[in-house]
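Q: I should like a close look at one part of this model and at the elements around it. Please explain each term as it arises.

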Amino acid sequence: MHEVFSRYYQALCFYACRLLSNNDVAAKDIVQEVFVSVWNKKLVFGNIYSLKAYLYSSVYHSCLDAIKTMNIHQRHHRNIRDEHARQPLDEFQFLNDRIEAEVLAEIFRAIEQLPAQCRKVFNLSYLEGLSVEQVAAEMDISVNTVKTQRTRAKKLLKDRLNKLYVILALLFLY
C-alpha cells in the first residue's frame, strides 16, 4: 500500500486541489482519507487500473461532498440566501482534470529523477522563479554552471518525457 500511496498521492492531491478551487489543505486531507478508507476496508483490486479508477472516483466524490459542505457553511456564515452551490463537474471536465493531474505527476516524477544538483538548479530556476544570478548565489556556484545545469535538466526532461507528448497528442486528437 505504501508503494501505491507514493505513486498516486501527488497526482490525487493535485486533482483534488483543482476540484476544490485550489484549497490545498482540504485536498490533502481528502486524499489521505481516501487512502485510509482503502486501507481500513482492506479492499482488494484485480489490477492497478481498477485501484487507480477507484482512487480517482473516491477523491472526486469526496470533493463533491466537501464542496457541498463548504457551501452550506459559507451560506450560514454569510447569511446570503442566493449563494449557489458549485455544480458537479461534467464527465469531460472530470477526465480532463484527471489527465492533467496524471501528466503533472509524470513531470514531477521526471524532475525527481534528475541528478541532485541539476534538480536543485531546475527547481530554483523554474519552479521558484529565481534568476540565474540568484540561483548561483543561493547554491554558491558560478552563473555558467547554473546555465549548464538548466540546459542539462531541460534536455534530460525532454528525453524522459518524450513519450508523454505522443500520448497527449493522441488524447487530444479524439
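A: Ser125 is found in helix α5, which spans residues 116–127. Helices here are DSSP runs of H or I with at least four residues, strands are runs of E with at least two, and both are numbered from the N terminus. The model is a predicted one, in which local features need pLDDT of at least 70 and side-chain atom pairs count only at pLDDT 80 or more, whereas totals for chains, interfaces and linings use all residues. Residues are numbered from 1 along each chain as its sequence is written, and side-chain values use heavy atoms, with hydrogens and water left out.

Ser125 counts as buried because its relative accessibility is 7%; buried means under 20% relative accessible area, exposed means over 50%, and partly exposed lies in between (1.4 Å probe, protein chains only). Leaving aside residues up to four places away in sequence, Ser125 touches Leu130, Val135, Val146 and Arg150, a contact being heavy atoms within 4.5 Å.

The next residue to consider in helix α5 is Tyr126. With a relative accessible area of 34%, Tyr126 is partly exposed. Together with Phe108 and Leu127, Tyr126 makes a nonpolar surface patch of about 270 Å². Such patches are made of residues with over 30% relative accessible area and no salt bridge; nonpolar side chains (Val, Leu, Ile, Met, Phe, Trp, Tyr) are joined within 5 Å, and like charges within 9 Å. Accessible areas come from the Shrake-Rupley method with a 1.4 Å probe, and for residues only the protein chains shown count as cover.

One of the residues touched by Ser125, Val135, leads to helix α6 (residues 132–139), where Val132, Val135, Ala136 and Met139 are buried. Seen down the axis of α6, these buried residues fall within an arc of 100°, so they line one face of the helix. The arc is that of the directions from the helix axis to the C-beta atoms. Glu133, Ala137 and Glu138 are exposed on the other side of α6.

After α6 comes Asp140, placed in the loop between α6 and α7 (143–173). Asp140 is exposed, with a relative accessible area of 71%. Its phi is near 60°, a positive value in a residue other than glycine. Most residues other than glycine have a negative phi.

Beyond this loop, helix α7 holds Lys154, which is partly exposed at a relative accessible area of 45%. Lys154 and Ile111 are 43 residues apart in sequence, and their C-alpha atoms are 9.7 Å apart in space. Helix α7 also contains Asp159 and Lys155, four residues apart, about one turn of the helix. These two residues form a salt bridge, with their closest N and O atoms 3.0 Å apart; a salt bridge is a side-chain nitrogen of Lys or Arg within 4 Å of a carboxyl oxygen of Asp or Glu. Asp159 is partly exposed at 47% relative accessibility, whereas Lys155 is exposed at 52%.

For the wider setting, the protein chain has seven helices and zero strands, and 32% of its 174 residues count as buried. The mean pLDDT of the chain is 80, and 81% of its residues reach 70 or more; pLDDT is the predictor's confidence in each residue, from 0 to 100. Over residues 79–87, pLDDT stays under 50. Where pLDDT is low, the predicted coordinates should not be read in detail.
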